[in-house]
Amino acid sequence: MADASIQRFKQKYEALAGIVHLAASTDEAADIVASILREADARRVAIGELAGGLQEAVEARCEGAGVAVLKPPFQHAELHHRIDAAQVGVSMAAFAIAETGTLVEFATDDAFRLVSTLPGVHVGVFRAEDLVETLREAAPRIRDFYEANPHNATATFISGPSRTADIEMRLTLGVHGPAVAHAVVIKT
């Protein structure tokens, strides 16, 4: 994906109070995640299924830093409590949309969806090659996902931290989800 599209995504995501990090490799992305964990003073991290060697790299850095890793499979009876006990959630986006600064996550299991919605800090990771320019380009991917998963399928759109406004239009971050949202773009 062209650097112009990455910059467009970055501009839009940051305009919505998100933080964007650019990584040249999977190892650099794992280093960025480790840095975010230190900054958040995390003792526990919930990790969804990360692709391309990122899962192992992040877990190794957590082990070295003494951060407990909560990862699939999660026991459904304790699912909410275990993931909510994590200070940081790290998940892999299926793709991102440049024009809106949005990460799109697909889930067929509530555990993966909750990794990005329960902890106070969320780190969404995606590869630059999985960045589409417009919502129109995103539509076929979303349609294909729902056609392949007609039951219990969820698409989550993440554009920065959770936000809500009261009747006087005072914006508050983190009321119904993460107060801090990071996006890590792996450029290779």
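How exposed is Asp 31, going by its relative accessibility? Keep that in mind while reading these notes on the salt bridges; the answer is in point 4. One caution before you start: this is a predicted model.

1. Let's start with the tally. The count comes to five salt bridges. As a reminder, side chains of opposite charge can pair when their charged atoms come close.

2. Have a look at helix 1, which covers residues 3-15. Lys 10 and Glu 14 both sit there, four residues apart, or about one turn of the helix. Their side chains form a salt bridge at 3.0 Å, N to O. Lys 10 is partly exposed, at 22% relative accessibility, and Glu 14 is partly exposed too, at 32%.

3. Now move to Arg 61 and Asp 27, whose side chains meet in a salt bridge at 3.8 Å, N to O. This pair links distant parts of the chain: Arg 61 belongs to helix 3 (residues 54-65) and Asp 27 to helix 2 (residues 26-39), 34 residues apart. Arg 61 counts as partly exposed because its relative accessibility is 25%, in between the 20% limit for buried and the 50% limit for exposed. Asp 27 is partly exposed as well, at 47%.

4. Arg 61 also forms a salt bridge with Asp 31, at 2.6 Å, N to O. Here again distant parts of the chain are linked, with Asp 31 in helix 2, Arg 61 in helix 3, and their positions 30 residues apart. As for the opening question, Asp 31 is partly exposed, with 40% relative accessibility.

5. Put points 3 and 4 together: Asp 27, Asp 31 and Arg 61 are linked in a network of salt bridges.

Technical notes:
Residues are numbered from 1 along each chain as its sequence is written. This is a predicted model: local features need pLDDT of at least 70, side-chain atom pairs count only at pLDDT 80 or more; totals for chains, interfaces and linings use all residues. Side-chain values use heavy atoms; hydrogens and water are left out. Helices (H or I, at least four residues) and strands (E, at least two) are DSSP runs, numbered from the N terminus. Buried means under 20% relative accessible area, exposed over 50%, partly exposed in between (1.4 Å probe, protein chains only).
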